[in-house]
Amino acid sequence: MISFRDLINKKILVFGLGKSGIATINFFLKKKINFVCWDDYLKKDIKAKYKKFLKRKYFNDKFDFIVISPGINIYNHAKKNFFKKHTNVIITDLDIFCTQLSNTNEMIGITGSNGKSTFCKLINRLLIKYKKKSKIIGNYGNPALGVEVKPGFTYIAELSSYQLDYSKYLKLNRACILNIFPNHLERHKTFKSYLLKKIKIFKFLLPKGIGVYNNCISNKLLSKFKKNKLNSFDNKFSVKKIINLLLGKKFKITKKDIQNSTLPHRIEYFYKKNNLIFINDSKSTNFESTRYALTKFKSGIILILGGFLKKGDNFSIFNFRKKIEKIYLIGKNIRNLIKSLKKQKFKFYYLKNINNVILDLKNSLNIKKKNTVLFSPGAASFDQFKNFEERGESFKNLIYDNFKGRK
């Protein structure tokens, strides 16, 4: 374990100046902790603001700690040998956040392939509803070091496989693995490697901590965590039961609680025009998410798919053939998806980008016919957008502009 004092008068590199990196820098400045920083793709405004802290030739030095942004892949980085030498001192902003926790705080860690953000939001909503002080941090959107630690607060951390991979000193009172599907294999290479990164969450449980996991994970892989209190559930378990297992309390969870915990860009009903319903599911970055979205609608689905495909993803949607009326494809390199859809005997229209799709929709849709336009890409956004939020907003604005909606 490390304490906050361990960071004082040490040689520290902050690598990666995205949201978490900038929050880390601002935290260090506030706490008067010395550091240098670098990012391989520096933006002009960031470069100007933090110029005196930048260390272009960081790889020639030795550091006591490297606080790394999770999105950086050190395993195929141009300076991977430098990171390999520093493996034992690589940490995350979440590690530093945990050095500030006291006995009055609780930390809940949530991971899984899908549904993490919504689940975190539901837990947060319930805790606040029952008069508990609570805040969500981590992959959810609030960088950990951008949040002030306050006495009596429970912190809910949404943890990606990347964050779990690099973290070393998390302190969790409760931990949950919601589900596991092949994901991020372009980085983790194999499903087993990805799975082991997720299971690592239980390594951070405190002695009296409670762990909850989907029983698709074998007991053999979990055997090293036998000293912890681990409870399993299957896919048929309700959200209510999973939360009560995790928190050890019986909450009265209503449908309204669940509905109000949905997030922008996740099966978001944002506009209706006559008989047309438009759904923004840009947060769908793998095909398991798309399949889940397809279960929510009965028929007449006009499905928009594609983007930066996940390695090893299963593109099967054959079971939804009767629901799907039309498929549009976008993306720069989606040969595997096209091949899979042909094999499943789906007809589709490849129009490269979302702008072309919306223009075709505008000219071809019959507004008297009931249709659900479902934008559920089943792929990451990085081929054409900065992130899934930008992709979702772009889709919504195009619908508003072309179907005369209101922003």
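Two strands count as paired if DSSP finds at least two bridges between them. That rule is used throughout these exercises on a predicted model.

**Exercise 1. Work out the order of the strands in the open sheet and find its edges.**

Step 1. Six strands make up the sheet, in the order β6-β7-β5-β8-β9-β10. Their pairing is parallel.

Step 2. Look at the ends. β6 (134-138) and β10 (229-233) each have a single partner strand, so one side of each lacks a neighbour in the sheet.

Step 3. Add the twist. From one strand to the next it averages 15°.

**Exercise 2. Trace the pairing of β8 with β5 and β9.**

Step 1. Start with β5 (residues 106-111). Four bridges link it to β8 (residues 172-177), in the parallel sense.

Step 2. Name bridge partners. I108 has R174 of β8 as its partner. T111 has I177 in β8.

Step 3. Turn to β9 (residues 205-214). Five bridges join this strand to β8, and the two run parallel. Here A175 stands opposite G211 of β9.

Step 4. Check burial. Buried means under 20% relative accessible area. Five of the six residues of β8 are buried, so the strand is largely enclosed by the rest of the structure.

**Exercise 3. Describe how helices α5 and α10 relate to the sheet.**

Step 1. Helix α5 (residues 116-129) packs on the sheet. The strands touched by α5 are β5, β6, β7 (154-158) and β8. The direction of α5 makes about 170° with that of β7.

Step 2. In helix α10 (residues 239-247), the buried residues include I242, I243, N244, L246 and L247. Among the elements covering the buried residues of α10 are β5, α5, β8, β9 and β10.

Step 3. Look just past the end of α10. G248 takes a positive phi of about 70° there.

**Exercise 4. Find what surrounds the side chain of K198, and say which acidic side chain is nearest.**

Step 1. Place the residue. K198 belongs to helix α8 (residues 191-199).

Step 2. Test for a salt bridge. The cut-off is 4 Å between a side-chain nitrogen of Lys or Arg and a carboxyl oxygen of Asp or Glu. K198 is buried but has no salt bridge. E158 is the nearest side chain of opposite charge, at 7.8 Å.

Step 3. Look for a polar partner. A polar atom of the K198 side chain lies 3.0 Å from the backbone oxygen of G112.

Step 4. List the contacts. Leaving aside neighbours within four places in sequence, K198 is in contact with T111, G112, K116, L159, S160, S161, L164, I177 and I180. Two of these, T111 and I177, are the bridge partners from Exercise 2.

How values were computed. Residues numbered from 1 in each chain as written. Predicted model: local features only at pLDDT ≥ 70, side-chain atom pairs only at ≥ 80, totals over all residues. Heavy atoms only, no water. Buried < 20%, exposed > 50% of the residue type's maximum accessible area, 1.4 Å probe, protein only. Lys, Arg positive; Asp, Glu negative; His and termini not counted. Polar contact = N/O pair within 3.5 Å; in protein donor to acceptor, adjacent residues only side chain to side chain. Contact = heavy atoms within 4.5 Å. Axes fitted to C-alpha atoms, helices over the stretch in contact; angles between N-to-C directions.
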